[in-house]
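Dear colleague,

Please find below the structure that I am handing over to you. My notes on what was found in it follow directly after.

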Number of protein chains: 2
Amino acid sequence: MSSVTASPTSTPSPGPAESPDVTEAVRATARRAQVASRALATATRATKDAALRAMADALVVAAPEIVSANAVDLERGQAAGLSEGLLDRLALTPDRIAAIADALRELAALPDPVGEVVRGSTLPNGLRLRQVRVPMGVVGMIYEARPNVTVDAAGLALKSGNAAVLRGGSAASSSNTVIVQVLGQALTSVGLPADAVQSIDEHGRAGAVALMHARGLVDLLVPRGGADLIQTVVREATVPVVETGVGNCHVYVDAAADPAMALPILMNSKTQRVGVCNAAETLLVHADAAAGFLPAALTALAGAGVVVHGDERTAALAPEGVDVVPATEEDWATEYLSLDLAVRVVGSLDEALEHIRTWSSGHTEAIVTNDLAASRRFVAEVDSAAVMVNASTRFTDGGQLGLGAEIGISTQKMHARGPMGLAELTTTRWVVEGDGHVRA
Amino acid sequence: MSSVTASPTSTPSPGPAESPDVTEAVRATARRAQVASRALATATRATKDAALRAMADALVVAAPEIVSANAVDLERGQAAGLSEGLLDRLALTPDRIAAIADALRELAALPDPVGEVVRGSTLPNGLRLRQVRVPMGVVGMIYEARPNVTVDAAGLALKSGNAAVLRGGSAASSSNTVIVQVLGQALTSVGLPADAVQSIDEHGRAGAVALMHARGLVDLLVPRGGADLIQTVVREATVPVVETGVGNCHVYVDAAADPAMALPILMNSKTQRVGVCNAAETLLVHADAAAGFLPAALTALAGAGVVVHGDERTAALAPEGVDVVPATEEDWATEYLSLDLAVRVVGSLDEALEHIRTWSSGHTEAIVTNDLAASRRFVAEVDSAAVMVNASTRFTDGGQLGLGAEIGISTQKMHARGPMGLAELTTTRWVVEGDGHVRA
């Protein structure tokens with residue numbers, strides 16, 4: 001859900017290189033995952049939940065060992081000059097490990113998506129038809145140096161009956177190696193194959209490339225991280241990919257907005273957590289609401305340390321002592337992931353819709369209004385994964401929307417859109433039962 | 001649903017070339033489609049159905065013109081030495097055009113998938129949440145020289161609220177040009193944009209490549225045709241693709257099968273229509289059933305003109321005068337799409353499952369049995385889009401399974417699996433309504 005870097009305008013790097021030895025090693029890993037996935041596909045919920053709880057317990061027991069391995073990563077990261085933010089995401093403490101383990105236990109409490117009958121009927125000719133939810137098989141995950149994601153992804157894959165092949169950022173490789181070992185022992189302890197959770201971190205960047213190309217072995221690949229990582233995976237992969245995460249999210253304050261409602265929604269959308277994909281990056285204000293809303297809003301934003309990049313009409317409404325940096329087109333395009341906000345005054349709802357159509361990444365947009373017709377048009381015409389009416393953009397989150405845990409937020413339209421929970425890690429199978437039926 | 005060629009073992013050709021001018025032209029077409037898709041997304045079912053009926057009427061009125069254009073294609077095809085089968089698929093007659101028009105009218109009678117609320121609830125904090133089915137936007141389609149697919153794809157896209165960018169085989173380009181013109185006029189007559197259905201045939205192969213790379217402009221690309229075409233698209237495309245069609249389908253006659261039920265299922269699966277992806281290509285027979293089933297089955301197959309490629313145990317059971325060609329591994333891998341059938345005697349259900357796991361393309365497999373436990377295991381362990389129990393493989397078809405029309409049969413697990421009907425041409429949007437809700 002969160003992105004470490006944001007560079008929507010960055011030049012695509014040349015395709016990363018593949019190495020034959022690494023390719024074979026990664027394909028062998030994926031084949032073992034495929035074999036393991038068969039055991040997972042027919043495992044009962046009871047067994048999978050027991051595995052999740054065993055994994056949680058084992059992580060807590062192994063916390064000292066994990067923290068030691070993590071210290072190695074941290075030391076290497078410091079030597080390599082990683083930023084404070086990246087080092088913080090990389091760091092594990094006994095408390096953080098306990099929280100990660102608790103997330104696995106919460107996963108155990110969620111319903112099993114596998115086996116759900118999505119559709120079913122008896123056809124006129126007597127054929128009994130049902131479409132049943134089944135695991136994807138092998139789920140690949142490419143992410144950054146955040147060891148908590150290793151556990152998270154392993155847990156979500158397991159609960160949905162999938163084997164996981166994980167490639168975390170190499171800066172976390174010592175931590176990930178120990179974590180995957182611990183998880184594998186927990187799996188074995190309940191009779192599931194350790195190969196259900198494997199890491200390919202040791203193969204570095206070439207391993208990630210081999211995973212992207214492991215067609216026929218990887219049923220779904222989910223990249224999670226910054227825009228560069230996601231774009232590389234989307235461009236390179238020949239296996240099915242779900243694009244996640246980039247969120248250039250808009251809050252539109254309509255002519256008919258209640259300023260007392262609009263301000264908390266704006267502040268929450270922008271400042272409640274800045275480095276995440278569902279944070280707001282642009283504020284659009286209807287011209288009729290601008291004079292009544294913007295002065296107070298700009299003051300509040302400045303008070304929260306937000307740098308406003310505004311158009312001329314915004315600047316004209318700034319109270320004395322509140323700075324507005326002149327906005328350029330680049331600002332409309334940018335997912336800041338920081339205490340920056342682009343602000344533009346628009347002449348109409350149409351102009352707001354046009355701005356969003358032009359610049360949005362299709363993640364989340366919010367309208368604040370008391371006008372039913374405006375709300376209806378916004379919901380119908382904004383083509384994003386989530387559309388909020390009188391609510392913060394920060395609600396686009398699997399946990400907040402009641403889906404339970406999430407593996408990422410899809411910004412593409414195929415397969416899954418918005419928060420991807422357990423059901424989005426499954427596919428379906430048609431089961432057709434007859435009594436000797438043949439086609440006429 | 002049907003494939004013209006089958007070469008699962010063919011060497012991948014080098015990536016096809018792109019041309020800058022063609023790329024720009026195709027991207028401009030896709031951008032126009034994107035604009036048109038906005039009108040379609042909010043069009044009511046009444047308008048879309050009126051358009052489908054207008055399209056049907058217009059095709060019938062324009063039949064003489066279409067047949068003339070088709071004659072040009074046929075003449076060029078004959079000169080180029082196209083096979084009888086390909087020429088037949090290419091040929092249009094007034095009767096065929098009437099049938100194509102009728103299919104559009106049937107589409108009008110199907111429910112509209114757009115607007116369906118897939119999930120909905122009110123969260124504990126009072127947020128009203130609903131997941132609504134919406135169109136994908138722009139659907140691309142790359143297919144062979146079959147002008148009926150042009151109409152079919154345009155109709156399915158329209159009914160599901162999508163704009164279509166179509167690239168048919170160049171052998172059908174004269175027919176397609178006229179058809180797309182006629183469809184565009186029909187769209188305009190009901191107030192919908194003609195750009196909702198566009199062809200890029202004029203740009204040839206480079207146009208197809210540009211479409212595969214039109215990321216951000218094409219929301220879903222569906223290849224339909226032979227294995228080579230599909231593999232090229234899957235390998236080259238950077239836009240989201242659904243892989244369709246290759247069907248190396250198996251019929252397994254279990255130890256507990258009733259031979260009187262197994263024979264009609266086998267014959268229907270193999271011979272009812274041979275050139276299609278849901279036809280059976282391999283028969284597996286449990287050793288305990290072989291002596292009681294195979295002699296009669298081999299005789300019936302020979303009588304229907306089917307060439308059997310069998311293992312040694314199969315050959316040993318062939319009645320006098322019935323030839324069995326010795327099978328090689330290549331036979332297990334081949335989607336014949338012809339009057340050929342690979343036949344193997346297996347020692348157990350496990351051996352049948354292992355054979356299917358190794359060789360199946362994940363399309364459709366059937367078991368014939370009266371043993372509940374065997375049926376249950378087959379359904380649970382065969383990882384294909386469709387699993388038939390005591391029914392012909394030929395039922396894997398949108399029309400047969402009651403989904404209405406279909407745009408193809410997906411053999412991948414992401415997004416859609418099995419017959420792709422109207423719902424599979426849509427995505428969803430989360431709509432969240434609050435009263436000033438912010439995240440704590």
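I begin with a detail of the contact between the two chains: His437(A) stands opposite Ala391(B), a residue of strand S13(B). Please bear in mind throughout that this is a predicted model.

The pairing to which I refer joins strand S16 of chain A, residues 426-437, with S13(B). The two strands run in the parallel sense and are linked by five bridges.

**The contact between the chains**

The contact draws 54 residues from chain A and 54 residues from chain B. On the side of chain B that touches chain A, the elements that give two or more residues are helix H9 (227-236), helix H10 (259-271), helix H15 (372-381), strand S13 (386-391) and strand S16 (426-437) of chain B. Of these, S16(B) gives the most, with 11 residues. By character, the residues on this side of chain B divide into 25 nonpolar, 18 polar and 11 charged.

**How the copies are related**

In general, two copies of a chain are related by a rotation about an axis and a shift along it. Here, a turn of 180° with a shift of 0.0 Å along the axis lays chain B on chain A with an RMSD of 0.0 Å. The two copies are thus related as by a two-fold rotation axis. In addition, 100% of the interface residues of chain B are also interface residues in chain A, so the copies meet through the same surface.

His415(B) deserves a separate mention. Of the residues of chain B, His415(B) comes closest to the rotation axis, with its C-alpha at 1.8 Å. This residue lies in the loop between strand S14 (408-410) and strand S15 (418-420) of chain B. The phi angle of His415(B) is near 75°, a positive value in a residue other than glycine. His415(B) counts as buried, because it has 22 C-beta neighbours inside 10 Å and the cut-off for a buried residue is 20 or more.

**The fold of chain A**

Chain A contains 15 helices and 16 strands. Its radius of gyration is 24 Å, close to the 22 Å that the globule rule gives for 440 residues, so chain A is as compact as a globular protein of that length. Taken along the principal axes, the C-alpha atoms of chain A fill a box of roughly 70 × 70 × 40 Å. Of the 440 residues of chain A, 58% count as buried. Among contacts in chain A with a separation of 6 or more, 73% come from residues 24 or more positions apart.

**The nonpolar cores**

The largest nonpolar core holds 142 residues, of which Met55(A), Leu59(A), Ala164(A), Leu211(A) and Leu221(A) touch the most other members. Leaving aside residues up to four places away in sequence, the residues that Leu221(A) touches include Gly140(A), Ile142(A), Leu211(A), Val233(A) and Val241(A). A second, separate core has 141 residues, including Ile97(B), Val246(B), Leu301(B) and Leu341(B).

**A further residue with positive phi**

Leu337(A) has a phi near 55°, a positive value in a residue other than glycine. Leu337(A) is found in the loop between helix H13 (329-333) and strand S11 (340-346) of chain A. Leu337(A) is buried, with 22 other C-beta atoms within 10 Å.

With kind regards

Terms used: Residues numbered from 1 in each chain as written. Chains lettered and ligands numbered in written order. Predicted model: local features only at pLDDT ≥ 70, side-chain atom pairs only at ≥ 80, totals over all residues. Contact = placed C-beta atoms within 7 Å. Helix = DSSP H or I, 4+ residues; strand = E, 2+ residues; numbered from the N terminus. Nonpolar A, V, L, I, M, F, W, Y, C, P; charged D, E, K, R; others polar. Pairing = 2+ DSSP bridges. Rg over C-alpha atoms; globule rule 2.2 N^0.38 Å. Buried ≥ 20, exposed ≤ 12 C-beta atoms within 10 Å, placed from the backbone. Core = buried A, V, L, I, M, F, W, Y, C linked by C-beta atoms within 7 Å. Least-squares fit on C-alpha atoms with pLDDT ≥ 70 in both.
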